[in-house]
Amino acid sequence: MKTSDASRFPETWAVSGAETLENYIDGSWVRSTATGHLDVPDPSSGKLLARVPRSGASDVDTAVRAARRAFPLWREVPVAERARRVLALRNLLEARSEELARSVVRENGKTLEEARGSVRRGVEATEFAASAPTTLQGSFLEDVSPGVDTTLLRQPVGVVAGITPFNFPVMIPLWMAPLALVCGNCFILKPSERVPLSATLLARWVGEAGFPAGTFNLVHGDAAAVDALLAHPGVDAVSFVGSAPTARHIYTTAAAHGKRVQALAGAKNHLIVMPDADLDRSVPAIVSSAFGQSGERCLSGSVVVAVEPGADRLVARLAEAISQLTTGPASDPRTNVGPVIRSDHRERVLRWIRDGEAMGAKVVARGPVPPDADGYYVPPVLFDQVRPEMAIAQEEIFGPVLSVIRASSLDEAIEVANRSRFGNAAAIFTRDGRAARTFTHRIEAGMLGVNIGVPAPAAYFPFVGWKGSFYGDLHATGRDAVDFYTRKKVVTTRWF
Ligand code: NAD
């Protein structure tokens, strides 16, 4: 989590100044027809970086028409050639990964080390997409009846819309666009209006990598642009990542319009710590899980379930580690915890902290307040004596707040975690293989860590939220995503 690179940030940026951003449609940069825009501040300072247009139905319609025109030509490009364009994009991303990481630092508030890690994950997803000549293969079965054979083919779905959240400005668009494109689809990205700058860089480079006009389009905006995509008859499938209420809206609305949809939602992840856990290694992993990226990760640990005996020892170690975390500007190499995304989000997190105290939970550690008050800073907080029914133990806070619940046994700890309406991730810290096995067998969450605080699956595995953390059938990334971005066709053949 700590930024080790002491290099200073350049004065100039690839996307700089308070310009109003343009959409990228049909291979050209075009002004939105919308009159309204939103400010994009730097969360570390509150200073204006850019303005993002609130694109509406007519911008979306222009993008969808461009994508529909490009689709019949693009799907005929041989898969190996499509994969070559993805590889070209991957090479551009790799060569310019530092520029991309610094863009993420600037608009999102991750530290440089965190931003670099997120860009690397995006590059890995692009590498997985490039393996399409293998992953797109169908299957063949000879003699399903005498002289009759069956072939299963995969074909593109058509036009895919990708709607992404603020917390991974590069990685999540790269989970979607390269794979959707290599499968032969055309793609429209509607990035978060809170982090539109990195998406703008990506759009520049997609064109440079040789994707023909109309295959990849970028439409900036907020809910109005999203709702226009959901209602547009020219959109066949929707990939969404964001908060739980929006995910429910996207899933029900897109499905009501007859579209294929995957909607990844919010989280409340539990970290179970057994009495035998190796605290020297577990405590840094827990602290990094809860406070890395200011707790703005769908895989952030937000509840520690401390199995007795040993909770007091664990709380003391966590409190000591947390009191040493430096909160400050994302670009400062001394910073451990950067800002949260916006001032209203900071107010929301601070309200949760006040509510937690009012509910009877006890603040046992609080990181030092940063001297620069202009950014959206929330110093880390550790709550002890949290009970499972408290709202701070149930709701997603999405900030640097960690709650400790005490349990008398592993069974009780699993029960506490399974009460959550979310099921994105969970972890256990232990030296006991049997406890780990019981945990992995019984826990109701999709991404599990054993002595790992942030169990993010590699790009060739699916990102498998359960329960209220996911709406749909086929998950993002890996072979699930190949299935999501393709339709199957089964051909039964007899030659007379
Ligand atoms: P958000 O739901 O506010 O926004 C996500 C996207 O939806 C944005 O592009 C936004 O413009 C759009 N949107 C927002 N409100 C809308 C509305 N009413 N109608 C239509 N579109 C709307 O999410 P966020 O705050 O940007 O992202 C953080 C959330 O995303 C957290 O809840 C986090 O857990 C979740 N997340 C989940 C995963 C996962 O894999 N499950 C990964 C990353 C983030």
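What is the volume of the largest pocket? I looked this up before anything else, and the answer is about 810 Å³. A reminder to myself: this is a predicted model.

**Entry 1: the pocket**

I went on to the residues around that pocket. Its lining counts 40 residues, and those closest to the centre are Phe166, Arg194, Gly242, Ser243 and Thr246. I then sorted the lining by class and found 19 nonpolar, eleven polar and ten charged residues.

Which elements supply at least two residues of the lining? I noted helix 8 (223-231), strand 11 (237-241), helix 9 (244-256) and helix 12 (343-359). Helix 9 gives the largest share, with five residues.

**Entry 2: the two domains**

Next I turned to the domain assignment. It gives domain 1 as 2-266 + 468-493 and domain 2 as 269-450. I looked up the distance between their C-alpha centres, which is 31 Å. For the contacts across the boundary, I wrote down 32 residues of domain 1 touching 28 residues of domain 2.

Where does the largest pocket lie with respect to the domains? Both domain 1 and domain 2 give residues to its lining, so the pocket lies between them. I was glad to join those two entries.

**Entry 3: salt bridges**

How many salt bridges does the structure hold? I have 29 in my notes, and I picked out three to follow up.

I began with Glu127 and Arg90, whose closest N and O atoms are 2.9 Å apart. This pair links distant parts of the chain, with Glu127 in helix 4 (residues 112-129) and Arg90 in helix 2 (residues 79-95), 37 residues apart. Are the two partners buried or exposed? Glu127 is partly exposed, at 31% relative accessible area. Arg90 has 19% relative accessibility and counts as buried, because the cut-off for buried is under 20%.

Then I took Arg96 and Glu208, a salt bridge with 2.7 Å between the closest N and O atoms. Here, too, distant parts of the chain are linked: Arg96 sits in the loop between helix 2 and helix 3 (97-108), Glu208 in helix 7 (residues 196-208), and 112 residues separate them. Arg96 is partly exposed at 22%, and Glu208 is partly exposed at 47%.

My other pick was Arg442 with Asp411, where the closest N and O atoms are 3.0 Å apart. Arg442 belongs to helix 15 (residues 433-442) and Asp411 to helix 14 (residues 410-418), so this salt bridge ties together parts that are 31 residues apart in sequence. I have both partners down as partly exposed, Arg442 with a relative accessible area of 37% and Asp411 with 42%.

I also checked for networks. Which residues are joined into one by salt bridges that share partners? Arg90, Glu94, Arg120 and Glu127 are.

**Entry 4: Leu152**

I stopped at Leu152, which I located in strand 7 (residues 148-156). Its relative accessibility is 22%, and it counts as partly exposed. What is the separation between the C-alpha atoms of Leu152 and Val490? I read 4.5 Å, for two residues that are 338 apart along the chain. Setting aside neighbours within four places in sequence, I listed the contacts of Leu152 as Gly138, Ser139, Lys488, Lys489 and Val490.

**Entry 5: backbone oddments**

Which residues does a cis peptide bond join? I found one between Glu308 and Pro309, with omega at about 0 degrees. Pro309 is in the loop between strand 14 (301-307) and helix 11 (311-323).

I also looked for positive phi values in residues that are not glycine. Asp26 has a phi of about 55 degrees. Asp26 lies in the loop between strand 2 (23-25) and strand 3 (28-30), and it is partly exposed, with a relative accessible area of 31%.

Gln293 also went into the notebook, with a positive phi near 55 degrees. I placed Gln293 in the loop between helix 10 (279-291) and strand 14. Is Gln293 buried or exposed? At 9% relative accessibility, Gln293 counts as buried, whereas Asp26 is partly exposed.

Conventions: Residues are numbered from 1 along each chain as its sequence is written. This is a predicted model: local features need pLDDT of at least 70, side-chain atom pairs count only at pLDDT 80 or more; totals for chains, interfaces and linings use all residues. Side-chain values use heavy atoms; hydrogens and water are left out. On a 1 Å grid over the protein atoms alone, a cavity is a set of points where a 1.4 Å probe fits but cannot get out, and a pocket is an open set with protein on both sides within 12 Å along at least five of seven lines; lining residues have an atom within 4 Å of a point. Grid points are joined across faces, edges and corners, and a volume is the space filled by probe spheres set on the points. Helices (H or I, at least four residues) and strands (E, at least two) are DSSP runs, numbered from the N terminus. Ala, Val, Leu, Ile, Met, Phe, Trp, Tyr, Cys and Pro count as nonpolar, Asp, Glu, Lys and Arg as charged, and the others, Gly among them, as polar. Domain bounds come from an automatic or database domain assignment. A salt bridge is a side-chain nitrogen of Lys or Arg within 4 Å of a carboxyl oxygen of Asp or Glu. Buried means under 20% relative accessible area, exposed over 50%, partly exposed in between (1.4 Å probe, protein chains only). Contact means heavy atoms within 4.5 Å.
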